[in-house]
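Student: I would like to go through this model piece by piece. Please show it, and let us begin.

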Amino acid sequence: MRLILIRHGQTASNVAQALDTAAPGAPLDETGIAQAQALVERLGAEGRDVDAVYSSTLLRARMTAGPLAQARGLEVAEHAGLTEISAGELEMRTDRDAQLAYRDVFFRWLSGDLSARVPGGEDARTALDRFDAVIEGARNAGTGKLVVVSHAAMLVTWLASRSANFDSALLSPVPLANTGVVTLEDATGSSWRLRSWQGQHLE
């Protein structure tokens with residue numbers, strides 16, 4: 001099975017650096033709409049022969065997935081298991097203290113502390129379980145190539161936990177950008193192997 005993981009396009013919340021994790025979330029702004037439309041050509045050959053396009057239930061993810069699904073003659077399948085990891089009591093805050101608090105928990109997830117959470121938020125173990133369930137459902141259905149449009153913290157946390165060759169150095173100097181694309185191939189069991197990171201091919 002091959003996975004194409006895509007972060008949603010830009011929103012006003014991204015520009016304001018707001019911790020926007022709850023439904024329905026901000027829609028794509030003009031830049032984000034253009035990014036979603038450009039994905040169709042950007043993916044090139046990688047975007048052909050796609051069996052299914054999944055998105056989280058948040059508006060920005062659905063809007064990002066739409067043009068690609070339409071170009072491939074597919075419907076976007078929405079899955080709550082693909083939504084962003086909850087910011088809890090920090091929801092929609094833009095101040096530096098909130099940003100640092102969420103970032104601190106995020107890096108604890110990357111280091112393997114999956115029980116960490118912000119106040120009132122979700123721990124990574126719960127988030128990974130729901131994301132895994134969606135991917136396993138696609139695998140069990142015989143999906144060969146799957147596009148998943150989700151969110152930065154959710155995608156990077158899943159990659160760090162489930163990919164055999166993920167390196168946190170990939171996040172510097174450029175983290176997972178809006179409409180950043182990551183491709184993986186099924187390895188063994190629950191392990192995946194990164195094949196590309198935002199245009200950078202990996203061995």
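Student: In which sense do β5 and strand β6 pair?
Tutor: This is a predicted model, where local features need pLDDT of at least 70, side-chain atom pairs count only at pLDDT 80 or more, and totals for chains, interfaces and linings use all residues. Residues are numbered from 1 along each chain as its sequence is written, and side-chain values use heavy atoms, with hydrogens and water left out. Strands are DSSP runs of E with at least two residues, helices are runs of H or I with at least four, and both are numbered from the N terminus. Two strands pair if DSSP finds at least two bridges between them; β5 and β6 (residues 192-197) share five bridges, and the sense is antiparallel.

Student: Which residue in β6 stands opposite Val182?
Tutor: β5 and β6 pair over five bridges. Opposite Val182, in β6, stands Trp197.

Student: What is the bridge partner of Arg2 in β5?
Tutor: Strand β1 (residues 2-7) pairs with β5 (residues 181-186) over five bridges, in the antiparallel sense. For Arg2, the partner in β5 is Glu185.

Student: Which are the edge strands of the sheet?
Tutor: The sheet is open, has seven strands and shows mixed pairing. Its order is β3-β2-β4-β1-β5-β6-β7. An edge strand here pairs on one side only, which fits β3 (76-78) and β7 (200-201).

Student: How many bridges join strand β2 to β3?
Tutor: β2 covers residues 52-55 and runs parallel to β3. Val53 has Val76 as its bridge partner in β3. The number of bridges joining β2 to β3 is three.

Student: At what angle does helix α3 run to β2?
Tutor: Axes are lines fitted to C-alpha atoms, for helices over the stretch in contact, and angles run from 0 to 180 degrees between N-to-C directions. Helix α3 (residues 59-71) lies across β1, β2, β3 and β4 (145-150). Its angle to β2 is about 165°.

Student: Which strands does α5 touch?
Tutor: α5 packs on the sheet, and its direction makes about 155° with that of β4. The strands touched are β1, β2, β4, β5 and β6.

Student: How are α5 and α6 oriented to each other?
Tutor: The axes of α5 (residues 124-140) and α6 (residues 152-162) come within 10 Å and cross at roughly 85°. Angles under 35 degrees count as roughly parallel, over 145 as roughly antiparallel, 65 to 115 as roughly perpendicular and the rest as oblique. The two helices are therefore roughly perpendicular.

Student: What type of ring pair do Phe131 and Trp158 form?
Tutor: Phe131 lies in α5 and Trp158 in α6, 27 residues apart. Rings of Phe, Tyr and Trp (its six-membered ring) pair if their centres lie within 6.5 Å; planes under 30 degrees apart count as stacked, over 60 as edge-to-face and the rest as tilted. Here the centres are 5.2 Å apart and the planes at 40°, so the pair is tilted.

Student: What type of pair do Phe106 and Trp109 form?
Tutor: Both lie in helix α4 (residues 96-110), three residues apart. Their ring centres are 6.5 Å apart and the planes at 85°, so the pair is edge-to-face.

Student: Is Leu110 buried or exposed?
Tutor: Buried means under 20% relative accessible area, exposed over 50%, and partly exposed in between (1.4 Å probe, protein chains only). Leu110 has a relative accessible area of 18%, so Leu110 is buried.

Technical notes
Contact = heavy atoms within 4.5 Å.
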